[in-house]
Amino acid sequence: MPAEAKVESKLEAKVDAGTARSASPPLTERQEARRRRILHTSAQLASRGGFDAVQMREVAESSQVALGTLYRYFPSKIHLLVATMQDQLEHMHGTLRKKPPSGETAAERVAETLMRAFRALQREPHLADAMVRALTFADRSVSPEVDQVSHQTTAIILDAMGLADPTAEQLSAVRVIEHTWHSALITWLSGRASIAQVKIDIETVCRLIDLTAPESGA
């Protein structure tokens, strides 16, 4: 086990150096299929055993790629799990688009959307915990993946609002809503908040949408 850890550490350091030197070119269709297979495996392992169950060597073996190849796609376990969260949010976004929220106001639609996303994560608590822990542990080297999570969350909220061209003030409100949603997820996972409390917090922060609507600022 110590020898394996040394090998993985060397591979991780090597990939980090390579990543810093140059940006990755666009993936081919075959590479994208391989990447999706890796993300699917990561989600499966996390669903069964949480953060600790996602081991890079097992991910490589289960997704049928070489360990070195896995590290070229994802320089660390944190990179992998944050990318897994972005992938899960993207899937949720597609599901939400097929069945849009029914609230009358933008605030109601966003609150409904975020609670639906929350309940989807609630059904996979181990996976949710693994992804949130990775997001919490992420340092600057994981900024691109963290940004993708943020962009995906923003897109979900703006879709629910029905906005294609939000104002700077509306985008600020969206960021506060994102922060609250992620914080609510953390407090629920740690057992410090009930689903009812999460719902109240989400509905409360979504009122910012009405306050930042252009017509209300006159």
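The second largest pocket of this predicted model is lined by Gln88, His91, Met92, Thr95, Leu96, Arg116, Ala117, Ala120, Leu121, Arg123, Glu124 and Leu127. Its volume is about 300 Å³. Two helices, α5 (77-98) and α6 (106-122), each contribute at least two residues to this lining, and α5 makes the greatest contribution, with 5 residues. In chemical character, the lining of the second largest pocket comprises 6 nonpolar, 3 polar and 3 charged residues.

Enclosed space was examined in addition to open pockets. A single cavity of 30 Å³ or more is present in the structure, and the volume of the largest cavity is about 30 Å³. The residues that line the largest cavity are Leu89, Leu114, Ala117, Thr153, Ile156 and Trp181. Helices α6 and α8 (143-161) each provide at least two of these lining residues. By class, 5 residues of the cavity lining are nonpolar and 1 is polar, with no charged residue among them. Ala117 appears in the lining of the largest cavity and also in that of the second largest pocket. Helix α6 likewise supplies at least two residues to the cavity lining and at least two to the pocket lining.

Leu127, a lining residue of the second largest pocket, is also one of the buried residues of helix α7, together with Ala128, Ala130, Met131, Val132 and Ala134. The buried residues of α7 pack against four helices, namely α2 (29-49), α5, α6 and α9 (168-189). The length of α7 (residues 125-137) agrees with expectation, because its 13 residues, at 1.5 Å a residue, should span 18 Å and its end C-alpha atoms lie 18 Å apart.

The largest nonpolar core contains 59 residues, of which Leu70, Val110 and Cys206 touch the most other members. When residues up to four places away in sequence are excluded, Cys206 touches Ala107, Val110, Ala111, Leu114 and Ile177. Val110 is thus both a contact of Cys206 and one of the three residues that touch the most other core members. Leu114, another contact of Cys206, also lines the largest cavity.

Over the whole chain, the secondary structure consists of 11 helices and 0 strands. Of the 218 residues in the chain, 42% are buried. Among contacts between residues at least 6 apart in sequence, 74% connect residues at least 24 apart.

Note on methods:
Residues are numbered from 1 along each chain as its sequence is written. This is a predicted model: local features need pLDDT of at least 70, side-chain atom pairs count only at pLDDT 80 or more; totals for chains, interfaces and linings use all residues. Side-chain values use heavy atoms; hydrogens and water are left out. On a 1 Å grid over the protein atoms alone, a cavity is a set of points where a 1.4 Å probe fits but cannot get out, and a pocket is an open set with protein on both sides within 12 Å along at least five of seven lines; lining residues have an atom within 4 Å of a point. Grid points are joined across faces, edges and corners, and a volume is the space filled by probe spheres set on the points. Ala, Val, Leu, Ile, Met, Phe, Trp, Tyr, Cys and Pro count as nonpolar, Asp, Glu, Lys and Arg as charged, and the others, Gly among them, as polar. A nonpolar core is a set of buried Ala, Val, Leu, Ile, Met, Phe, Trp, Tyr and Cys residues joined through side-chain atoms within 4.5 Å. Buried means under 20% relative accessible area, exposed over 50%, partly exposed in between (1.4 Å probe, protein chains only). Contact means heavy atoms within 4.5 Å. The expected span of a helix is 1.5 Å times one less than its number of residues.
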